[in-house]
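Q: I'm new to this structure and would like a close look at one part of it. Could you pick a helix and walk me through what surrounds it?

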There are 2 protein chains.
Amino acid sequence: MRLDETDHRLLAALADDARLPNNALAAKVGIAPSTCLTRVRHLREKGVIRGFHADVDPALAGRPLQAIIAVRMQGHARSRLTAFLHQLAELPGVLNVFLLGGAHDFFVHVAAPDSDGLNDFVVENLSVNPDVALTETNLIFRHVRASWY
Amino acid sequence: MRLDETDHRLLAALADDARLPNNALAAKVGIAPSTCLTRVRHLREKGVIRGFHADVDPALAGRPLQAIIAVRMQGHARSRLTAFLHQLAELPGVLNVFLLGGAHDFFVHVAAPDSDGLNDFVVENLSVNPDVALTETNLIFRHVRASWY
DNA sequence: TATGAAACAGCATAAGT
DNA sequence: ACTTATGCTGTTTCATA
């Protein structure tokens, strides 16, 4: 699939404001509303746009403490990596999970209510798992969601 | 600010689908549309909802190669951390920037068109900066955006 | 394939209970 | 906080180029 300049401008506009009405979006990009509608629909159907999400501030939603936990698995557990990836993503407070190549196997981006909650998360969901070799918790002081789009 | 059960359900629903119409949202949560409208407005005004964004697949938008680059700064550059944080967030291809406590100062989550593009990013934006002590590039094989909400 | 017009449907808003 | 009513805007379809 090939994206032209107009598509990129549509993506940029919707990444900035997912609720931009079709009329306003069309005007912003310089095409007719009907054209705009079909283009956006195509972008969704092709999977270029995966969805529209509200960006909730974890701190104001009761989880002020964020961390990225680096996880290394035991060598023999390689076959279970993908299953574990999705298992982690279902846990409360988990924001993102990254499957990596390199020194670590996972980065788990998590938001916890407090220090105890974070510790509990690591112990109960990671350390307790015999496939997990080691974890390394990095506290997040600031998180900037970039505008790219 | 205190969030009740209804607020949490609103947040969960909008985090899942930012474009859910107010009517449908109200029905889903079990409140009247007008009540729903005012509650969502409050959540936005208070900053609990920071915005609504389209989730664009970087791979299908011309940037199939993702990485998380760990960055350590020189000791004397601590005062410039925040400025650098926002500077990084403006660069093309940058998805997230995390300011950390611990062994590393930053994690930079970036999407590049290819291997050369990724290398260029690290060299031109990080290595070239005298405040940067070292970088460690971790390739991302899979990325799951968790459903928490 | 993009456009423009016109009919339709559906929502946001604000009143009153 | 809910219900109802109103005005309006987005959305869709179709014909056209």
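A: Let's look at helix 3 of chain B, and then at the salt bridges. A quick word on the ground rules: this is a predicted model, where local features need pLDDT of at least 70 and side-chain atom pairs count only at pLDDT 80 or more, while totals for chains, interfaces and linings use all residues. Residues are numbered from 1 along each chain as its sequence is written, chains are lettered from A and ligands numbered from 1 in the order in which they are written, and side-chain values use heavy atoms, with hydrogens and water left out.

Helices (H or I, at least four residues) and strands (E, at least two) are DSSP runs, numbered from the N terminus. Helix 3 of chain B covers residues 33-45, which makes 13 residues. The expected span is 1.5 Å times one less than the number of residues; that gives 18 Å here, and the end C-alpha atoms are indeed 18 Å apart.

Now for its buried residues, meaning those under 20% relative accessible area (exposed is over 50%, partly exposed in between; 1.4 Å probe, protein chains only). They are B:C36, B:V40 and B:L43. These cover an arc of only 55° around the axis, so they sit on the same side of the helix; the arc is taken from the directions from the helix axis to the C-beta atoms. An α-helix has 3.6 residues a turn, so residues three or four places apart point the same way. What covers the buried residues, by contact (heavy atoms within 4.5 Å), includes helix 1 (5-16), helix 2 (22-29) and strand 1 (49-56) of chain B. The face turned away from the buried side carries the exposed residues B:S34 and B:E45. Just after the helix, B:G47 takes a positive phi of about 90°.

Helix 3 also takes part in a salt bridge, that is, a side-chain nitrogen of Lys or Arg within 4 Å of a carboxyl oxygen of Asp or Glu. B:R39 pairs with B:D7 at 3.2 Å, N to O. The two are 32 residues apart, with B:D7 in helix 1 and B:R39 in helix 3 of chain B. B:D7 is buried at 8% relative accessibility, whereas B:R39 is partly exposed at 21%.

That pair belongs to a count of 14 salt bridges over all chains. Another one is A:D55 with B:R50, whose closest N and O atoms are 3.2 Å apart. A:D55 lies in strand 1 of chain A and B:R50 in strand 1 of chain B, so this pair joins two chains.
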